[in-house]
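Trainee: Could you take me slowly through a single part of this structure, the largest nonpolar core, and then show me what lies around that part?

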Amino acid sequence: MCGIAGHFQPGKKPQSIRPILNLLSHRGPDFHNIYSEQDIELGHTRLSIIDLSAHGNQPMTDPATGNTIVFNGEIYNFKTLREKLTAKGYTFTSSGDTEVLLKLYAEYGEECIAMLRGMFAFAIWDRSRQQLLVARDRLGKKPFFYARTNDGFIFASEIRALASHPNISKDIDKQAIDLFMSTGCVPAPFSIYSAIRKLPPAHYAIIDEMGMDMQRYWALDFTHKIQCTEAEVLEELHTRLLEATSIRLESDVPLGALLSGGVDSSLIVALMAECGSKSIDTFTIGFHEKKYDESGHAAKVAKHLGVNHHVEYLDPAQFENMLPAVVRQYGEPFSDDAALATMLLSEATRKHVTVALSGDGGDELACGYSAYTHVKLASVMASLIGKEPLPEKNIASAFNSNTTIGALRRKMISKFHPEFKRLLRNEYNAARYKNYVYNQDMREHLGQSTFQWLYNLATESCTQAHNPVERLLWMDTAHFLADALLVKVDIASMAHSLEVRSPLLDHELFDYMATLPPELKLKGGESKYLLKKLAERYLPAEILYRRKQGFSMPVAKWTSGDSADFTRNAISQATPFLERIFDIKALNTRIDEHISGRKKHKNFVWNILNLALWAIEHKAGRV
């Protein structure tokens with residue numbers, strides 16, 4: 001796992017990317033280097049995981065072709081690919097995956113991307129063609145930020161590092177702020193800066209002197225189903241999960257697991273043991289507030305599986321000191337409250353191991369969210385309603401109506417077309433919130449841009465899935481997983497030079513599960529049914545069938561109560577920035593209502609606090 005950066009400037013020697021690379025040192029503390037020639041400069045910071053020798057250092061150049069690579073991630077099927085290349089006459093000087101990827105490109109060009117199984121973001125400089133190939137993994141586990149300037153293409157693993165380049169404007173993207181206020185993150189391809197964009201998951205691009213050509217190479221497709229029994233599926237799922245776990249145990253450094261005590265992480269630890277892992281170290285985060293604390297459940301799982309368990313507690317007193325540093329690390333507004341706990345857990349885990357397996361992705365893989373169990377009527381009516389999405393004018397009409405009839409229309413559409421529920425309920429409410437606190441310039445600038453983004457997301461789900469459950473599943477995978485959950489884990493873990501691997505995020509598993517009928521994934525009202533049935537082979541029922549708790553934190557208490565002054569002070573310091581977006585009087589009214597307890601504005605105030613802290617860091621030049 002590493003940090004990558006580069007600057008391609010046709011016909012002109014690029015400005016040094018050393019300052020960018022220095023800001024990525026936490027992602028790769030073991031070795032830094034830069035490759036430079038007339039038109040291109042590529043940089044790499046290495047966290048050594050496989051082949052700890054100098055043969056695995058990057059940037060890596062293929063002496064046969066002159067091609068050079070910078071690569072962040074892990075290719076789990078690299079040994080199989082290496083054997084395939086060896087049979088074609090290729091020879092290798094290293095034992096890791098980077099050289100395999102470089103030679104795979106020499107043989108297959110950009111078609112090699114579809115052959116990769118893993119998490120990755122990389123750039124390959126094709127010297128003979130004078131072009132740059134960049135790519136990102138299918139689900140978005142590894143980040144890739146880029147900027148297109150008047151005379152070049154600049155990229156990096158993190159936005160904070162990329163934004164430090166003097167040729168890149170730091171003008172704020174107001175649409176990104178609006179999306180953040182609705183979703184708590186800035187979804188790809190947007191970023192907080194208008195000049196910086198994110199390469200979307202499952203995409204690659206070729207950049208040359210003529211410009212940039214971007215292509216999608218994979219999409220999750222729920223439209224093709226197989227016939228199978230539950231028993232057959234459980235055996236196939238067990239085989240696939242065991243293999244997905246086994247290939248993620250390849251490491252030349254200490255390896256452990258993150259254990260929350262939930263179904264997903266507990267199953268992964270059990271599979272690690274079945275794969276032959278000895279003396280497994282597991283790690284969890286605990287809270288003093290019982291409502292949020294899962295450490296007791298994790299301890300029961302650890303005892304049952306016989307692993308070496310470690311617990312780190314997050315004290316509320318740490319909140320005010322931690323949050324500004326966490327905001328700075330993420331580099332753009334991001335309000336997933338679990339980011340603090342994930343950061344602390346990563347720091348504690350790194351004291352013992354360099355690689356940790358996690359249970360991330362189980363909800364999106366196997367229907368783990370409660371929303372999937374609430375669409376029974378739509379599922380029953382799916383064959384009658386049809387596969388086509390509702391026209392935009394129909395949704396817009398319901399969205400823009402404040403009448404009783406409008407409310408009824410929103411409710412009925414959400415019942416029969418739940419892919420539009422987040423737009424007609426969540427964003428409907430958020431839009432009224434935002435319209436109250438935005439200033440006139442902001443309202444006029446945006447129009448209904450977030451409405452359009454959410455409508456496009458929902459309609460795309462209709463092309464990839466014909467069942468309401470799977471449309472929601474597709475949307476969660478395409479947006480929430482990629483833009484929030486995986487961003488949270490990548491930034492928090494890499495801040496402490498910890499590599500996190502997730503067997504449940506194997507794209508072949510996602511492809512397989514997409515072929516199964518939804519009634520096998522949700523059975524008897526039980527979410528994540530198949531994973532729970534499989535986990536019964538390893539874990540007692542009281543662990544598997546307890547109420548889903550989730551990884552959240554006492555945000556309402558932390559933004560008021562003892563931290564009320566902290567919240568007010570942050571917003572006060574950020575006022576010069578915030579007044580470019582908000583009507584400050586209206587904004588402060590909402591803040592005062594929340595802190596006084598007169599009205600509940602937990603999510604809104606948490607978003608504003610994170611935005612304010614980011615603005616303070618932005619003004620200071622730290623993001």
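Mentor: What follows is a close look at the largest nonpolar core, and then at another core and at the largest cavity.

Please keep in mind that this is a predicted model. The largest nonpolar core holds 197 residues, and the members that touch the most others are Phe122, Leu578 and Phe582. Among the elements that supply this core, helix α18, which covers residues 468–494, gives the most, with 13 residues. In general, nonpolar side chains in soluble globular proteins tend to be buried together.

To see what such touching looks like around one residue, take Leu578: leaving aside residues up to four places away in sequence, Leu578 is in contact with Ile571, Ile584, Leu587, Leu611 and Ala612. Apart from the largest core there lies another one, made up of 19 residues, including Phe8, Tyr35, Leu132 and Leu199.

Helix α18 also brings us to the cavities, since a search of the whole structure finds 6 of them with a volume of 30 Å³ or more, and α18 provides the largest share of the lining of the largest one, namely 6 residues. That largest cavity contains about 240 Å³ of space. Its lining consists of 24 residues, and those nearest its centre are Pro143, Phe145, Lys198, Glu332 and Val487. If you follow helix α18 through the model, then, you meet the element that gives the most residues to the largest core and also the largest share of the lining of the largest cavity.

Note on methods
Residues are numbered from 1 along each chain as its sequence is written. This is a predicted model: local features need pLDDT of at least 70, side-chain atom pairs count only at pLDDT 80 or more; totals for chains, interfaces and linings use all residues. Side-chain values use heavy atoms; hydrogens and water are left out. A nonpolar core is a set of buried Ala, Val, Leu, Ile, Met, Phe, Trp, Tyr and Cys residues joined through side-chain atoms within 4.5 Å. Buried means under 20% relative accessible area, exposed over 50%, partly exposed in between (1.4 Å probe, protein chains only). Helices (H or I, at least four residues) and strands (E, at least two) are DSSP runs, numbered from the N terminus. Contact means heavy atoms within 4.5 Å. On a 1 Å grid over the protein atoms alone, a cavity is a set of points where a 1.4 Å probe fits but cannot get out, and a pocket is an open set with protein on both sides within 12 Å along at least five of seven lines; lining residues have an atom within 4 Å of a point. Grid points are joined across faces, edges and corners, and a volume is the space filled by probe spheres set on the points.
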